[in-house]
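Before reading on, it may help to have the sequence and the structure open side by side. The paragraphs below move from one strand to its neighbours, and then on to the other parts of the model.

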Amino acid sequence: MSRIKLTTVAFRGTEEQEKQLRNTLMEIRNSDHPSVMTALQQAQAIYGYLPIEVQQIIADYMGVSLEEVFGVATFYSQFTLNPKGEYAFGVCLGTACYVKGSGDIVAKLEECLGMKDGETSSDGKFSIGSTRCVGCCGLAPVMTVNKDVYGKLTVKDIPDIVAKYKAL
Amino acid sequence: MALVNVKINNIPVQVEEGTTILEAARQAGIKIPTLCYLKGVNEIGACRVCVCEVKGARSLVAACVYPVNEGMEVFTNTKAVKDSRKATVELLLSNHNQDCLSCVRNNNCELQKLSLELGCSSHKYDGVKTESHIDASTPYLIRDNSKCVLCRRCVAVCKEYQSVAVIGANSRGFDTHIACAFESPLANTACVGCGQCIVACPVGALHEVEEIDQVNAAIADPKKHVIVAAAPSVRVGLGEEFGMPIGTNVEGKMVAALRRLGFDDVFDVNFGADLTIMEEGAEFISRLKNGGTLPMITSCSPAWVKFCEHNFPDQLDHLSTCKSPQQMFGAVCKTYYAQKLGIDPKDIVVVSIMPCTAKKFEKGRADQSAAGVPDIDYSLTVRELAKMIKSAGIIFEELPDEQWDAPLGMFSGAGLIFGATGGVMEAALRTVYEALTGKEAPSLDFTEVRGTEGIKEATYDIGGTKVKVCVASGLANARKIMQDVREGKADYQFIEIMSCPGGCVNGGGQPIKSAFVRNNYDVKKLRAASIYAQDKGMKLRKSHENPAIKELYKEFLGEPNSHKAHEILHTSYVPRNRY
């Protein structure tokens with residue numbers, strides 16, 4: 001229970017996305033091997049995450065209960081119930097970064113943004129996600145914010161970086 | 001089907017091909033312990049408690065799902081088997097809240113029994129436990145996941161029997177837990193409150209919201225006039241809580257026990273059932289004659305009503321507007337009977353004893369307060385009543401048989417058979433037949449609608465009018481019928497639906513039977529047979545001949561479906577969302 005992070009971000013799906021979802025679900029339903037798993041994958045590709053509004057549509061189309069859909073969505077780590085924030089903070093928890101103290105970076109980030117790893121702020125502006133090795137261990141510890149990369153970080157650097165994005 | 005020869009612990013047996021090891025062993029007189037297995041409902045081989053050794057197999061196999069084949073040799077009792085089962089249960093115990101002494105299922109817990117039988121050490125693998133919380137959001141059910149063993153029996157009955165499917169396994173691995181979609185509290189889902197999950201649970205993870213303390217407090221309050229009444233099927237369930245054979249009819253002892261518990265009046269909900277027939281019968285005849293919405297569907301089962309509201313909100317016109325027997329009974333107590341006694345209905349406390357958990361929800365519904373106060377104050381399950389009797393020091397087995405109090409303790413066989421699937425239909429037919437033809441039906445036994453099958457149909461010629469009826473129990477069956485009704489494919493005039501498979505005799509508030517008993521005995525059939533036997537021996541078998549009912553109409557209500565009857569005995573429904 002504790003590990004499931006429900007979103008607090010209001011659903012902002014478009015009519016366009018819903019149309020796309022319904023078409024895709026029709027195709028899946030008519031395929032030889034209709035599965036909830038495939039439906040969830042396709043839905044996440046469209047919306048970027050799996051909010052209740054989307055899972056309800058999936059349940060209706062696939063003829064299963066909402067709980068069954070949710071059970072699959074929370075079983076596999078590939079699925080997320082949270083949208084990425086407009087500014088998505090990603091902290092590398094790969095071996096090198098971790099040894100260089102990226103655990104403390106995550107903690108500071110959580111403190112500055114007032115939310116936990118894996119969560120998205122309810123206005124949808126920020127999200128924190130820990131990542132595996134991003135491939136630049138020489139810069140450890142590393143953090144990315146969308147396409148910006150910050151290397152050789154210390155805990156002290158974090159408030160300023162956060163403030164910069166808050167101001168945007 | 002072909003027969004195969006197998007040996008279980010060197011005992012040769014011949015069984016049908018495809019039989020599981022578990023069943024084959026049973027035929028050889030050997031019991032293999034199980035935990036997650038519920039015959040026909042939950043056959044997933046998940047818990048690994050039933051593992052056995054098969055000669056030539058690489059590893060131990062799960063007996064509940066492993067089919068036998070010709071020449072197979074199975075060993076159910078070797079050291080490897082016993083060690084494995086023991087370790088499995090010890091691991092379950094390591095993540096189990098071992099609050100056994102104060103647990104509602106103490107002495108009736110399948111995990112406790114397994115632990116004892118397998119000689120487990122309760123703290124062999126102490127360590128971190130899965131974080132859990134208690135869902136007490138509904139007025140009828142509490143889920144305490146700290147005691148859950150993840151057998152998924154509750155999930156299976158919710159989906160397979162009831163097609164409600166609001167609970168399932170969320171997350172994975174050590175974090176796996178049974179809950180609702182989006183971790184929603186149960187009260188915010190389309191749960192109908194039937195309680196089938198409770199009676200399927202092997203441990204104390206699920207139980208009803210108890211109202212025993214409130215009832216005892218009311219009894220102790222000299223200002224309150226406390227009335228109790230028991231539903232038809234309670235008398236054939238209660239004895240099991242005192243070690244009697246399944247289906248033993250303990251009506252007389254139950255009345256004696258209720259009186260000794262200190263209730264002021266000991267009445268029978270069967271009276272409410274007879275009253276329901278008067279109202280529902282009249283409503284049916286009126287719909288039939290005046291072109292009302294047909295088929296008319298019974299509304300006695302509160303979980304069914306809620307199911308209909310959630311899943312068929314566009315079909316609510318089909319539901320009879322009659323309150324359930326429980327609610328009719330309460331309404332009459334607080335109007336007619338209160339007036340008779342000269343007591344303010346606010347000082348009357350009506351307690352119902354029910355085979356049901358949904359009744360705890362029903363009593364709190366809107367439009368169920370005929371006298372401006374709730375028709376029913378407290379609704380206890382059969383289990384709660386047994387607990388009260390035990391804690392009061394009443395030696396149930398030794399009680400004399402006593403009679404119900406007058407006048408609301410008087411009932412007909414028609415009211416009594418409400419406790420089994422088909423019973424409401426049969427009771428209604430006994431009365432409707434006479435009302436339409438002026439003659440008694442050729443036989444009072446409408447056997448076509450009896451029996452434990454999930455869906456039954458029959459057509460009766462009632463004075464030249466063909467009446468086609470349908471009886472469904474188990475909400476998965478009800479869903480099938482309702483889809484036909486929605487699509488206009490159902491040519492019935494009258495449908496009876498009970499939520500629990502087999503009706504109230506198998507309700508979620510009845511004594512809990514272990515999986516072994518459920519897998520090997522048809523509990524609902526045994527309890528139903530006991531009810532029909534009592535009906536058969538009764539002189540009074542038609543609701544409209546119940547003298548107390550006649551008097552009620554004469555003195556107070558006027559005619560069935562009169563304006564006054566409508567105000568007191570009928571109700572309304574609300575469309576609800578599926579999510």
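Which residues of β11(B) are buried on one side, and which on the other? In this predicted model, B:H225, B:I227 and B:A229 are buried on one side of the strand, while B:V226, B:V228 and B:A230 are buried on the other, and both faces of β11(B) are therefore covered, given that 6 of the 6 residues of this strand (residues 225-230) are buried. The strand is largely enclosed by the rest of the structure because each of these residues counts as buried, for which 20 or more other C-beta atoms must lie within 10 Å of its own. The split into two sets follows a general pattern, since in a regular strand the side chains alternate between the two faces of the sheet.

The partners of β11(B) come next. Strand β14 of chain B (residues 348-354) pairs with β11(B) in the parallel sense over 6 bridges, and within this pairing B:H225 stands opposite B:I348. Strand β12 of chain B (residues 265-268) is also parallel to β11(B), to which it is joined by 4 bridges, and here B:A230 stands opposite B:D268. Between β11(B) and β12(B) the chain passes through helix α7 of chain B (residues 251-260), and the resulting β-α-β crossover is right-handed.

Chain B also holds an open sheet of 3 strands, whose order is β6-β7-β10 and whose pairing is antiparallel. Its edge strands are β6 and β10 of chain B, each of which pairs on one side only. Strand β6 (residues 134-135) and strand β7 (residues 141-144) of chain B are joined by 2 bridges, with B:D144 as the bridge partner of B:I134, and the hairpin that leads from β6(B) to β7(B) runs through 5 residues. With strand β10 of chain B (residues 206-208), β7(B) pairs over 3 bridges; in this pairing B:I142 stands opposite B:H207, and B:R143 has B:L206 as its bridge partner.

Chain A can be read through its domains and one of its helices. The chain is divided into domain 1 (15-75) and domain 2 (87-167), and the C-alpha centres of these two domains of chain A lie 31 Å apart. In helix α3 of chain A (residues 52-62), the residues A:V54, A:Q55, A:I58 and A:A59 are buried. Seen down the axis of α3(A), the buried residues fall within an arc of 140°, so they line one face of the helix. This agrees with the general geometry, in which an α-helix has 3.6 residues a turn, so residues three or four places apart point the same way. Among the elements that cover the buried residues of α3(A) are α1 (15-30), α2 (36-47) and α4 (66-75) of chain A. After α3(A) comes A:G63, whose phi is positive, near 65°.

Where the two chains meet, the contact takes 19 residues from chain B and 15 residues from chain A. On the side of chain B that touches chain A, the elements that give two or more residues are β8 (168-170) and β9 (177-179) of chain B, and the largest share, 3 residues, comes from β8(B). By residue type, this side of chain B divides into 9 nonpolar, 6 polar and 4 charged residues.

Methods
Residues are numbered from 1 along each chain as its sequence is written. Chains are lettered from A and ligands numbered from 1 in the order in which they are written. This is a predicted model: local features need pLDDT of at least 70, side-chain atom pairs count only at pLDDT 80 or more; totals for chains, interfaces and linings use all residues. Two residues are in contact if their C-beta atoms, placed from the backbone, lie within 7 Å. Ala, Val, Leu, Ile, Met, Phe, Trp, Tyr, Cys and Pro count as nonpolar, Asp, Glu, Lys and Arg as charged, and the others, Gly among them, as polar. Two strands pair if DSSP finds at least two bridges between them. A residue is buried if 20 or more other C-beta atoms lie within 10 Å of its own, exposed if 12 or fewer, and partly exposed in between; C-beta atoms are placed from the backbone. A crossover is right-handed if, with the strands pointing away from the viewer, the path from the first strand over the helix to the second runs clockwise. Domain bounds come from an automatic or database domain assignment. The arc is that of the directions from the helix axis to the C-beta atoms.
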